[in-house]
Amino acid sequence: MITFKKFYVTTAIDYPNADPHLGHAYEKLLADFLSRYHRQKGENVFYQTGTDEHGSKIFQTAENEGISPLELVDRNSGRFKEFYKLLNIQYDNFIRTSDKEVHWAGVEKLWKALDKSGDLYKKSYKAKYCVGCESFKTESELDNGECSNHPGKELTVVEEDNYFFRLSRYTARLIKLIESDEYRIRPVSAKNEILSFLKDDVKDISFSRSRDRLPWGIPVPGDSDQVIYVWADALTNYLTGIGYGRSGFGKWWPADVHLIGKDISRFHAVYWPAMLISANIETPRELWVHGMIKDFRGKKMSKTVGNVIAPASQVKQYGVDSVRYYLLRALPSNQDGNYSEEDLVVRHNSELVNNLGNLLSRSLNLIEKNGGKVPIGNLDSALKSSHRRALEKIEEYVDDFEFHHAVSEIWKFISTVNEYVDEKKPWELSGKALDVVLYNLAESLRLISSLVYPVIPGTAEEIAKQLGLKSVPKFGDSAIEIGTKIKKGEHLFSRI
Ligand code: MSP
């Protein structure tokens, strides 16, 4: 029996207190690219995303809307799902933390494991809480008394008896884990930031809330006056979604990559591995931290400023693959990036319409004019090595979480094929010489279909279909069969 390498990738689970936005979309797209890339390598992939449905933010939003928290999350988590469908995000599991059957037993189990290790204790506490971050803030973390992630939002003062998690006990072990890349954090700037946080004075963290104040959450096992802190609950989704507290957990854990935004790196790089070590569970392999999407001027998008880009309307206007292509190619995956609609249009016209769309249509026109079937031939050695080099480079870039460079390598290969056509001038050829070029075009387009699939899966499928293939080929599939009847269709993209 052949066994395939497993690859478990997760994204952050979104707060469904409002509609999904471009930042949510971007992260799920990065994970979609990564998981489709690993599927193309023939690996056994599990991609999990979902919604984070407890905590003060959800509770307060529901109160303001005059509905129950459950009504709110039921309504909104559906919107997230629909939205990801629109973007052609192919996840394997969508977890909802309010799902008692799937999630709660595992959270309780983990809580008990922390307790058994002696890492939970109760104490009375008073501190400022940012509902936006769902996190307590020390004075030194505030900017002129305000949370830097949520300027202008008032902080709540919380004074109550809470369970605390003995985070301080794990500092030295975490430093070792991260410094050695046993838990590999990318980009290196994010790793360094976490290490400097850990080398400072790390304090224990409040891990529960009084149920009187916040009735919406998972009760602390053995103390129903308290609910589990929303982050302790939410982080556990990475385990419960694949069976922890139920069954089948061992198949996928540890996570190969947790993909998250930089505003929540501390929860994933510090709290999460500490909880796992305490519970005697293997730590995840990698944490990849993406930047924030800003407007075309580099300003944070906000409803008040009025510079928010609604991704659904972008998809409607430009098509899903143009938006996916733009986000993956033009924005650096591991840094902040600016979203410019103007740049999207320029890239659409030059890189999708001209480089890719025209290559397919002119190649298939030529094949059609000359019998409509893939003639006998062999892949040109220069094209072959250029494809091999592209695959190697793509692998390096993907592993370094530089997806924008990986996508650029794919388009370099497309350019090489375009150069091949220009150089061979098939319109001036006939007979065997022409056949060889036509074969090379068909086989190169087959390779292109397999390469672009993680970026623009719908287009990859269309290329495969027009080439007469049953499905998008994987990276390791064999060459196109001689005699394959092509099925020339519409141009892949229209000019904007
Ligand atoms: N619920 C928590 C995560 C819990 S994970 C166990 C949360 N939710 S969120 O809805 O606020 O954010 C979800 C993800 O979207 C985060 O990784 C966050 O970084 C990302 N983004 C939110 N705004 C963003 C941008 N403007 N740009 C890019 N990503 C951003 O945090």
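Select Asp14 first. In this predicted model, Asp14 sits in the loop between β1 (6-11) and α1. Its relative accessible area is 5%, under the 20% cut-off, and therefore Asp14 counts as buried. Setting aside neighbours within four places in sequence, display what Asp14 is in contact with: His24, Lys28, Gly50, Thr51, Asp52, Phe80 and Tyr84. Then draw a distance between the side chains of Asp14 and Tyr84, where a polar contact of 2.5 Å joins the two.

**Along helix α1**

Move next to His24, which belongs to helix α1. Is His24 buried or exposed? With a relative accessibility of 14%, His24 counts as buried. Beyond its neighbours within four places in sequence, His24 is in contact with Asp14, Asp19, Phe80 and Tyr84. Phe80 and Tyr84 also appear among the contacts of Asp14, and they can be kept on display for both stops.

Select Gly23, also a residue of helix α1. Gly23 has a relative accessibility of 25% and counts as partly exposed. Now add Ile293 and connect the two C-alpha atoms. Gly23 and Ile293 are 270 residues apart in sequence, yet their C-alpha atoms are 6.1 Å apart in space.

**The ligand**

Show the ligand together with the residues around it. There are 23 of these residues, and Ile13, Glu27, Asp52, Asp263 and Ile293 come nearest. What kinds of residue form the shell around the ligand? Eleven are nonpolar, eight are polar and four are charged. Colour α1 (22-40), α7 (230-235), α8 (237-240) and β12 (257-261), since each of these elements supplies at least two residues of the shell.

Three distances may be drawn here:

- From Glu27, a polar side-chain atom lies 2.5 Å from an oxygen atom of the ligand.
- From Ile293, a backbone N or O atom lies 2.9 Å from a nitrogen atom of the ligand.
- From Gly23, a polar backbone atom is 3.5 Å from a nitrogen atom of the ligand.

How much of the ligand does the protein bury? Taken alone, the ligand exposes 660 Å², and the protein buries 90% of that area.

**The nonpolar cores**

Hide the ligand and turn to the interior. In soluble globular proteins, nonpolar side chains tend to be buried together. The largest nonpolar core in this model has 86 residues. Select Leu34, Tyr339, Leu356, Trp411, Ile448, Val452 and Ile456, the members that touch the most other members. Which helix gives the most to this core? Helix α15 (residues 431-452) does, with eleven residues.

Centre the view on Leu356. Not counting residues up to four places away in sequence, Leu356 touches Glu351, Trp411, Ile414, Ile448, Ile456, Thr459, Ile463, Leu492 and Phe493. Apart from the largest core lies another, of 64 residues, which includes Tyr15, Trp252, Ile281 and Leu287.

**Two cis peptide bonds**

Select Arg186 and Pro187. The peptide bond joining them is cis, with omega at about 0 degrees. Pro187 has its place in the loop between β7 (184-186) and α6 (188-198).

Then select Trp253 and Pro254. The peptide bond from Trp253 to Pro254 is also cis, with omega near 5 degrees. Pro254 lies in the loop between α8 and β12, two elements that supply residues to the shell around the ligand.

**Two positive phi angles**

Go to Asn88, in the loop between α3 (69-86) and β3 (93-96). Phi of Asn88 is near 60 degrees, a positive value in a residue other than glycine. Asn88 counts as partly exposed, at 28% relative accessibility.

Lys425 is found in the loop between α14 (403-424) and α15. Phi of Lys425 is near 45 degrees, again a positive value in a residue other than glycine. With a relative accessible area of 35%, Lys425 is partly exposed.

**Last stop: Gly468**

Finally, select Gly468, in the segment after α16 (457-466). At 22% relative accessibility, Gly468 counts as partly exposed. What is Gly468 in contact with, leaving aside its neighbours within four places in sequence? The residues to display are Thr484, Lys485, Ile486 and Lys487. To end the tour, draw a line between the C-alpha atoms of Gly468 and Tyr37: they are separated by 23 Å, and the two residues are 431 apart along the chain.

Notes: Residues numbered from 1 in each chain as written. Predicted model: local features only at pLDDT ≥ 70, side-chain atom pairs only at ≥ 80, totals over all residues. Heavy atoms only, no water. Near = heavy atom within 4 Å. Polar contact = N/O pair within 3.5 Å; in protein donor to acceptor, adjacent residues only side chain to side chain. Areas by Shrake-Rupley, 256 points an atom, 1.4 Å probe, with all protein chains shown as cover. Helix = DSSP H or I, 4+ residues; strand = E, 2+ residues; numbered from the N terminus. Nonpolar A, V, L, I, M, F, W, Y, C, P; charged D, E, K, R; others polar. Core = buried A, V, L, I, M, F, W, Y, C linked by side-chain atoms within 4.5 Å. Buried < 20%, exposed > 50% of the residue type's maximum accessible area, 1.4 Å probe, protein only. Contact = heavy atoms within 4.5 Å.
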